[in-house]
Amino acid sequence: MTDHHIGMIVPSSNLTMETELPRMLRAREEAEPGDRFVFHSARARMRHVEPEQLRAMNAQAGRAAAELADAKPDVVATACLVAIMAQGPGYHCTAEDDITRVLREEGCDAPVVSSAGALLSGLEALGARKVAIITPYMKPLTKAVADYIEDAGFEVADALSLEVPDNLAVARLDPAGLREHHRKLNLSDVDTLVLSACVQMPSLPAIQPVEDEIGIPVLSAATATTFRILTELGVDPTVPGAGRLLSGAEALTKTGGGHGRESVV
């Protein structure tokens with residue numbers, strides 16, 4: 001049995017990252033009992049998903065990273081997609097580098113994953129070209145996310161904003177609703193669906209059913225983050241019942257290291 005220690009930087013009001021990721025990795029433990037996953041979190045204050053609070057939360061990442069460094073995790077994930085994407089295209093590289101620098105200063109050599117960078121890596125791994133997204137954000141933030149994804153080389157053909165500004169309210173959204181919300185999108189010419197472009201909006205129970213229904217890959221910020229965490233840990237990035245990205249069925253050509261940092265499998 002190998003223990004893998006995962007450090008997470010999460011918004012103070014986030015309830016979902018610390019439930020969906022452990023749930024996926026517990027499922028993996030049952031399927032692959034040689035690996036066990038242990039989670040350690042540091043929190044950064046953020047209650048409302050609005051630009052000022054997102055910027056203020058980003059400013060706390062260094063402090064949170066230093067706290068996690070004391071636990072000597074094997075990988076660190078920073079888990080608020082919109083806080084990074086709202087800062088403009090490519091900011092996930094800056095955020096990952098800043099956290100890496102703090103970890104190294106504190107004597108921790110863990111690789112760093114951001115949910116923003118992980119989503120781009122997941123789309124790339126699936127060979128996505130034209131995508132649709134669902135977010136809980138207000139429309140201006142959804143546009144910022146769509147622009148960020150398009151700057152990375154993907155076309156966002158359609159987007160749905162659920163317009164829930166309170167972060168705790170986002171966590172309380174019923175994931176079963178996503179089995180209906182996706183029908184509001186035009187998926188006629190889309191090759192991949194991002195069912196939840198937010199690590200706070202619960203989606204895990206809907207990922208596989210929606211993928212089975214629409215016949216194209218379905219992922220979320222959380223499943224993409226899990227994929228990158230497992231890749232950085234050097235273990236097989238598979239989780240049963242969590243969509244094609246984590247199925248092990250894809251011939252993946254872009255894994256680990258973030259979007260644009262290529263390693264061939």
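This report describes two sheets, the helices that pack on and around them, and one buried proline in a predicted model.

## First sheet

The strands of the first sheet are four in number, arranged in the order β2-β1-β3-β4, and the sheet is open with parallel pairing. At its edges lie β2 (35-44) and β4 (112-114), each of which pairs on one side only. On average, neighbouring strands of this sheet are turned by 25 degrees against each other, direction ignored. Helix α1, made of residues 17-31, packs on the sheet and touches β1 (2-11) and β2. The direction of α1 makes about 175 degrees with that of β2.

Strand β3 covers residues 75-78 and is joined to β4 by three bridges, the two strands running parallel. Towards β1, four bridges join β3 to that strand, again with a parallel run. Strands of a sheet pair through backbone hydrogen bonds, either parallel or antiparallel.

## Residues of strand β3

Val76 has a partner in each of two strands: Gly7 is bridged to Val76, and Val112 in β4 stands opposite Val76. Further along β3, Thr78 stands opposite Ser114 in β4.

In a regular strand the side chains alternate between the two faces of the sheet. In β3, Val75 and Ala77 point one way, while Val76 and Thr78 point the other way. All of these residues are buried.

## Second sheet

The second sheet is also open, with four strands in the order β6-β5-β7-β8 and parallel pairing. Its edge strands are β6 (155-161) and β8 (218-220), and each pairs on one side only. Neighbouring strands here are turned by 20 degrees against each other on average, direction ignored. Strand β5, residues 130-135, is joined to β6 by six bridges, and the two run parallel. One bridge pair places Ala132 with Asp158 in β6.

Two helices lie across strands of this sheet. Helix α7 (residues 139-151) lies across β5 and β6 and runs at about 160 degrees to β6. Helix α11 lies across β7 (192-196) and β8, running at about 80 degrees to β8.

## Helix α11 and its partners

Helix α11 (residues 221-233) packs with helix α6 (residues 115-125), their axes coming within 8 Å and crossing at roughly 85 degrees. Because the angle falls between 65 and 115 degrees, α6 counts as roughly perpendicular to α11. On the α6 side the contact is made by Ser115, Gly117, Ala118, Leu119, Ser121 and Ala125, and on the α11 side by Ala221, Ala224, Thr225, Phe227 and Arg228. By class these residues are six nonpolar, four polar and one charged.

Helix α11 also meets α1, the helix that packs on the first sheet. The axes of α1 and α11 come within 10 Å and cross at roughly 55 degrees, which makes α1 oblique to α11. This crossing is right-handed. From α1 the contact takes in Met17, Glu20, Leu21, Met24, Leu25 and Arg28, which meet Ala222, Thr223, Thr225, Thr226, Ile229 and Leu230 of α11. The contact of α1 with α11 has seven nonpolar, three polar and two charged residues. Thr225 of α11 takes part both in the contact with α6 and in the contact with α1.

## Helices α3 and α5

Two packed helices are described by the angle between their axes and the distance between the axes. For α3 (residues 61-69) and α5 (residues 91-105) the angle is about 40 degrees and the axes are 9 Å apart. That angle makes α3 oblique to α5, and their crossing is right-handed.

Ala61, Gly62, Ala65, Ala66 and Ala69 form the α3 side of the contact, and Ile99, Val102 and Leu103 form the α5 side. Seven of the residues in this contact are nonpolar and one is polar, with no charged residue.

## Pro136

Pro136 is placed in the loop between β5 and α7. With a relative accessibility of 1%, Pro136 counts as buried, because the cut-off for that class is under 20%.

Not counting residues up to four places away in sequence, Pro136 touches Leu162, Glu163, Val164, Val170, Leu173, Cys198 and Met201. Of these, Leu173 is 37 residues from Pro136 in sequence, with a C-alpha to C-alpha separation of 9.0 Å in space.

How values were computed
Residues are numbered from 1 along each chain as its sequence is written. This is a predicted model: local features need pLDDT of at least 70, side-chain atom pairs count only at pLDDT 80 or more; totals for chains, interfaces and linings use all residues. Side-chain values use heavy atoms; hydrogens and water are left out. Two strands pair if DSSP finds at least two bridges between them. Axes are lines fitted to C-alpha atoms, for helices over the stretch in contact, and angles run from 0 to 180 degrees between N-to-C directions. Contact means heavy atoms within 4.5 Å. Buried means under 20% relative accessible area, exposed over 50%, partly exposed in between (1.4 Å probe, protein chains only). Angles under 35 degrees count as roughly parallel, over 145 as roughly antiparallel, 65 to 115 as roughly perpendicular and the rest as oblique. A crossing is left-handed if the near helix is turned anticlockwise from the far one by less than a right angle, and right-handed if clockwise. Ala, Val, Leu, Ile, Met, Phe, Trp, Tyr, Cys and Pro count as nonpolar, Asp, Glu, Lys and Arg as charged, and the others, Gly among them, as polar.
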